[in-house]
Amino acid sequence: MFANSRAFSGFAVDDLDKAREFYGTTLGLNVSRDEEMGLLRLDLAGGTTVMVYPKADHRPATYTILNFPVDDVERVVDELTARGVAFERYEGFEADAKGIVHGEDGMPTIAWFKDPAGNILSVLTGPDTP
């Protein structure tokens, strides 16, 4: 039924202006504002679209909402840290001083961080990373 449908995803934030600054300037994504619908559109590589919408009673996601596969996690973590991004540490995942969890046994190397609304994002690389 949906095999040929161009699906998209979306998530909520509490402040569209802060989200636009973060996703556009800090992360360097192509961000546009849809005034008619009152949301942001993130146009990602490969034709993927993610809609970001405001929600007054927003509660941050407790799971990773976006994963960014990269060639070199350490380099990207260094660049994001220089732009003021702080990396998260989670129980059960042994992270190095930069907040990077080095994958083994088929697990990706990954580092988690949050957007201004508190939603969780990651950069990752590994044998099973798309």
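This is a guided tour of the structure above, with a suggestion at each stop of what to select and what to look for there.

The model is predicted, so local features are described where pLDDT is at least 70, side-chain atom pairs count only at pLDDT 80 or more, and totals for chains, interfaces and linings use all residues. Residues are numbered from 1 along each chain as its sequence is written, and side-chain values use heavy atoms, with hydrogens and water left out.

**Stop one: helix H1**

Begin by selecting residues 16-26, which form helix H1; helices (H or I, at least four residues) and strands (E, at least two) are DSSP runs, numbered from the N terminus. Within H1, Leu16, Ala19, Phe22, Tyr23 and Thr26 are buried, where buried means under 20% relative accessible area, exposed means over 50%, and partly exposed lies in between (1.4 Å probe, protein chains only). These buried residues lie on the same side of H1, because they cover an arc of only 160 degrees around the axis, the arc being that of the directions from the helix axis to the C-beta atoms.

Now add Asp15, whose side chain has an oxygen within 3.0 Å of the backbone nitrogen of Asp17 at the start of H1. After H1 comes Gly28, which has a positive phi near 75 degrees.

**Stop two: the nonpolar core**

Next, select Phe11, Tyr23, Leu27, Leu42, Leu66, Phe113 and Val123, the residues that touch the most other members of the largest nonpolar core, which has 31 residues. A nonpolar core is a set of buried Ala, Val, Leu, Ile, Met, Phe, Trp, Tyr and Cys residues joined through side-chain atoms within 4.5 Å. The elements giving two or more residues to this core include H1, strand S1 (9-13), strand S3 (39-43), helix H2 (73-82) and strand S6 (109-114). Another core, of 5 residues, lies apart from it and has Val101, Ile110, Ile120 and Leu124 among its members.

Centre the view on Leu27, which, not counting residues up to four places away in sequence, touches Phe22, Phe68, Leu80, Arg83, Phe113 and Leu121; contact means heavy atoms within 4.5 Å.

**Stop three: Asp115**

Move to the loop between S6 and S7, where Asp115 is found. Which side chain of opposite charge is nearest to Asp115? That side chain is Lys114, 8.7 Å away, and Asp115 is buried yet has no salt bridge. For charge, Lys and Arg count as positive and Asp and Glu as negative, while His and the chain ends are not counted; a salt bridge is a side-chain nitrogen of Lys or Arg within 4 Å of a carboxyl oxygen of Asp or Glu.

Asp115 does have backbone partners: a polar atom of its side chain lies 2.9 Å from the backbone nitrogen of Ala117, and one lies 2.8 Å from the backbone nitrogen of Asn119. Leaving aside neighbours within four places in sequence, Asp115 is in contact with Phe11, Val13, Phe22, Tyr23 and Leu121.

**Stop four: helix H2**

Select H2, in which Val73, Val76, Val77 and Leu80 are buried. Seen down the axis, these buried residues fall within an arc of 100 degrees, so they line one face of the helix. To see part of what covers the buried residues of H2, show H1, S6 and S7.

At the start of H2, the side chain of Asp72 brings an oxygen to within 3.2 Å of the backbone nitrogen of Glu74. H2 is followed by Gly84, whose phi is also positive, near 95 degrees.

**Stop five: charged pairs**

The whole structure contains 8 salt bridges. Select Glu74 and Lys98, whose side chains meet in one of them (2.8 Å, N to O); this pair links distant parts of the chain, with Glu74 in helix H2 and Lys98 in the loop between H2 and S6, 24 residues apart.

Then select Arg75 and Glu79, which form a salt bridge with their closest N and O atoms 2.8 Å apart. These two residues are separated by about one helical turn, because they are 4 residues apart in helix H2.

Finish with Asp17, Arg33 and Glu35, which salt bridges with shared partners join into one network. Arg33 is in strand S2 (residues 30-34) and is partly exposed, at 30% relative accessibility. Its side chain makes a polar contact with the side chain of Asp17 (2.9 Å), a polar contact being a pair of N or O atoms within 3.5 Å; within protein, one must be able to donate a hydrogen and the other to accept it, and residues adjacent in sequence count only if both atoms are side-chain atoms.
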